[in-house]
Structure formats: C-alpha cells, structure tokens
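Ready for a few exercises on a new structure? Have a look at it first, then work through the tasks below.

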Amino acid sequence: MLDRPLRALLERPVGALAAALDRPGVTPDGLTLVGLALGLGSAVAAATQLWALALVLWLVSRVVDGLDGALARRRRADDRFSADDRAGGDSQAGGFLDITCDFVVYGATVLGVALGATAAFDAPWQPFAAVLLAYYVNGAAFLAFSSIAERTGRQLDDGRSLSFLGRLAEGTETIVVHSLWLIVPFWSWQLATAWAVFVGISAVQRVVAGYRALR
C-alpha cells in the first residue's frame, strides 16, 4: 500500500547513496548478499533476545536491500565497469537473487522474534505461525502471477524485476511491523496476530486480482 509513494519519496536519496557506492568491485548482487547476512544476523539477535541489536541489524539490512536495485540500474547504463562488475547488475539474475533473499530474511526474522518472545515473555507461537502462513500464500500468489504474466505478455512494470501485485501489505508495512516487534517485543505476539490478519487479507486480494488479470 505504501511502497509506491515511498519509492517516489526516497528516489533521490537512494540514488545519491547508490552513486556513492558506484565503485569497481561493488556489485548489486554483493549488496543483496550483505543485506541477507545482516537480516539473518537480526534474526539470530532476536532469538537470543538482543532486541536493540536485532533492530539495528534489521533496519540496516533493509537499507542495503533498497540500494541493490538502484545500483543495478546505474551499473547497466554505465560503461566505466568491466564485464565482471556488470554481471552483478543483471536485472534478471539480480532480481531472482533479491526476491529469494528477501523471503529468507522475512521468514528468518519472524522465526527469530518468535523464539525470543516465547522464551522471554511466554508469548504464544501460533500468531507467528499464522504470519508465516500468510507470507507463504502471498509469495505463492505474486510469484506465480509474475511468472505467468511474463509468459503471456501481461507484465506489470513498476521498475522492479517482477510483476508485483501491490495490495495492503507490501515491503514498507513489513519493515514497520518487524521493527515494532523489536522495539516492543513484549507486545510482539499481539502485533503478530493483527499482522497475520492484515497480510491474510492482502493474500486474498492478490489471489483475486491475479486471477482476474490473467483471465
């Protein structure tokens, strides 16, 4: 819901950061893997109840994740770099790596918060399981849509590698909710309950929208 306006708002500062990183040896895929490592570190920190560290790692990982695409777009249009440096900016391979790493990080951080909150605050695990289920359905819906849309010429082009069916719950909302879990972990299961409903509604919206768009 908030991804499109936020992308427009952050386009210039993100572009400036990407320009600062636009050096030989720095690749978009490398940034994607750094974001993955930071996200997994956040999950481990949350599982061990190091909430402040988990929050910092989570936010930095999302900043880095937002820079890989911006750097890739710069790199594809720049002839100053070698073929090896350009390889890390290929839109198809890079898009595949990026979405895969995003799913790993999202799932791992839900699990990390669940482990930390159940141990520290005797929180129930079911709300976090519901979030993972909702993520699974959302991911299946928009990845299947993107694949079929590409094959049938019905892509949705918003500058990303995949045809993304935007609905209520998108990347921006996910970053906010995961951050809130780490800021107030003693309320994390209540937030997870509400978030599971929110993401579940988005999943239904994506299934319906994707089916209608492909008919």
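**Exercise 1: a buried charged network**

At 8% relative accessibility, Arg-62 is a buried residue, where buried means under 20% relative accessible area, exposed over 50% and partly exposed in between (1.4 Å probe, protein chains only). Before we go on: this is a predicted model, where local features need pLDDT of at least 70, side-chain atom pairs count only at pLDDT 80 or more, and totals for chains, interfaces and linings use all residues. Residues are numbered from 1 along each chain as its sequence is written, and side-chain values use heavy atoms, with hydrogens and water left out.

Task: find which residues form a salt bridge with Arg-62.

Step 1. Use the rule: a side-chain nitrogen of Lys or Arg within 4 Å of a carboxyl oxygen of Asp or Glu.

Step 2. Asp-65 pairs with Arg-62, with the closest N and O atoms 3.5 Å apart. Both sit in helix α3, three residues apart, so about one helical turn separates them. Helices here are DSSP runs (H or I, at least four residues; strands are E, at least two), numbered from the N terminus.

Step 3. Asp-102 also pairs with Arg-62, at 3.2 Å between the closest N and O atoms. Arg-62 is in α3 and Asp-102 in helix α5, so this pair ties together parts 40 residues apart in sequence.

Step 4. Put them together: shared partners join Arg-62, Asp-65 and Asp-102 into one network.

**Exercise 2: one leucine**

Task: is Leu-133 buried or exposed?

Step 1. Locate Leu-133 in helix α6.

Step 2. Check its relative accessible area: 55%, so Leu-133 is exposed.
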